[in-house]
Amino acid sequence: MSAWLSLTKKELRLGLFTFLVPIVALLLIGSIAAYIGYRAGNFHWEVLSGGSALASSLTVFYLSYYMLSSLQSEKKKLHIWLHNPLPAYALLLAKLVAGLISMIVTVIITVSIFAIAINQLDNFSFPITLAQLSQQAWVIGIHYFMFSINLAVWFILFWMIYLVLTRFIAPSISVIITFIIFILTITLYNWFAHSWIYEFLTGWGEIKASEVIENLQYTTRFGPGRVEFSSDMAEMGTFVGEYVFGIVLTILIFIIASWMLDRKVEV
């Protein structure tokens, strides 16, 4: 355990540049956009709130971006990485945990900027109190991070497929074949997700949205007659089976990717 913790700390240290790039880009682009908005008519807080909201939503892809940067870096010194005495799942898990920590810090920064910008707007109405929003934040957060982890694990699998292919064919051809496999996988999964088998496996333990989240009907308005957004999710629902299936599938994909790194990727 201590060896894995040391490896995770090392991953955090090595991933510092990957962590700083989006933060610096966010602050730089946000500052420029806010300045332009200010010069255009004192709209800097509107611009900053919209930009930070967009950045917060895009961080759902942060973990995949982090894994891309980290695995691409390891590819250049693969023989050193694979000679680590820890098993492949521990190597990949250390990267995932380091990426998650960086992602959490990034999300906190973007959401904080959004909250500060929103509080400075005079003509903004959002009829959900901070306390109500805090009660619902855990539901949003769980779905947000589950989706992000799922995407990252899928990315790791296709990265391993690419590494295995490069043993036999040129890297450029490997990229094309990996992309074709990706498209085929998406197509097959989409067919499976609409089949009776998927419904049989996941259609149990229904949860109504109204049982989890309160005050679902709200309207948000940026200025009179400018931008309006409303929501009514009272009739929406999901199934416990979908969560269980998603978690099991994510773990299975991670195991397959780890096995490929252990047994099929040679240096």
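This report walks through a predicted model of one protein chain, from its overall make-up to selected residues.

## Overall make-up

The chain has 267 residues, and 34% of them are buried. It contains 11 helices and 5 strands. Its accessible surface comes to about 16,400 Å². Carbon and sulfur atoms supply 71% of that area.

Long-range contacts feature strongly in the count. Among contacts with a separation of 6 or more, 81% join residues 24 or more positions apart.

## Confidence

The mean pLDDT of the chain is 83. A value of 70 or more is reached by 83% of the residues.

One stretch calls for care. Over residues 222-227, pLDDT stays under 50. The model has 10 contacts for this stretch beyond four places in sequence. Where pLDDT is low, predicted coordinates should not be read in detail.

## Salt bridges around Lys 95

The whole structure holds 2 salt bridges. Lys 95 forms one of them with Glu 11, and the closest N and O atoms are 3.1 Å apart. Lys 95 lies in helix α6, while Glu 11 lies in helix α1 (residues 2-14), so this pair ties together parts 84 residues apart in sequence. Lys 95 and Glu 11 are buried.

Lys 95 also meets Glu 74 in a salt bridge, at 2.8 Å from N to O. This pair links distant parts of the chain: Lys 95 in helix α6 and Glu 74 in helix α4, 21 residues apart. Both Lys 95 and Glu 74 are buried. Glu 11, Glu 74 and Lys 95 are thus named together as a network of salt bridges. In general, side chains of opposite charge can pair when their charged atoms come close.

## Helix α4: Met 67 and Tyr 65

Met 67 lies in helix α4. Its relative accessible area is 0%, so Met 67 counts as buried. Leaving aside neighbours within four places in sequence, Met 67 is in contact with Lys 95 and Leu 96. The other partners of Met 67 are Gln 72, Ala 152, Phe 155 and Ile 156. Met 67 and Leu 96 are 29 residues apart along the chain, and their C-alpha atoms are separated by 7.3 Å.

Tyr 65 is also placed in helix α4, which covers residues 62-75. Its relative accessibility is 28%, so Tyr 65 counts as partly exposed. Not counting residues up to four places away in sequence, Tyr 65 touches Thr 18, Val 21 and Pro 22. Tyr 65 and Thr 18 are 47 residues apart in sequence, with 8.7 Å between their C-alpha atoms.

## Helix α6: two buried threonines

Thr 106 is found in helix α6, which runs over residues 88-119. Thr 106 is buried because its relative accessible area, 4%, falls under the 20% cut-off. Beyond neighbours within four places in sequence, Thr 106 contacts Phe 19, Ile 23, Thr 59 and Tyr 62.

Thr 110 lies in helix α6. At 2% relative accessibility, Thr 110 counts as buried. Its contacts, with neighbours within four places left aside, are Leu 26, Ser 52, Ala 55 and Ser 56.

## Aromatic rings

How many aromatic pairs does a search of the whole structure find? The search finds 12. One aromatic cluster is formed by Trp 154, Phe 158, Phe 179 and Phe 182. A pair of aromatic rings is described by the distance of the centres and the angle of the planes.

## A nonpolar surface patch

Which residues form a nonpolar patch on the surface? The members are Phe 168, Ile 169, Ile 173, Ile 176, Ile 177, Ile 180 and Leu 184. Together they have about 630 Å² of accessible area.

Leu 184 lies in helix α8, which covers residues 171-193. Is Leu 184 buried or exposed? Leu 184 is exposed because its relative accessible area is 51%, and exposed means over 50%.

Definitions and conventions. Residues numbered from 1 in each chain as written. Predicted model: local features only at pLDDT ≥ 70, side-chain atom pairs only at ≥ 80, totals over all residues. Heavy atoms only, no water. Patch = residues over 30% accessible without salt bridge, like charges linked within 9 Å, V, L, I, M, F, W, Y side chains within 5 Å. Areas by Shrake-Rupley, 256 points an atom, 1.4 Å probe, with all protein chains shown as cover. Salt bridge = Lys/Arg side-chain N within 4 Å of Asp/Glu carboxyl O. Helix = DSSP H or I, 4+ residues; strand = E, 2+ residues; numbered from the N terminus. Buried < 20%, exposed > 50% of the residue type's maximum accessible area, 1.4 Å probe, protein only. Contact = heavy atoms within 4.5 Å. Phe/Tyr/Trp six-rings, centres within 6.5 Å; stacked < 30°, edge-to-face > 60°. pLDDT = per-residue confidence, 0-100.
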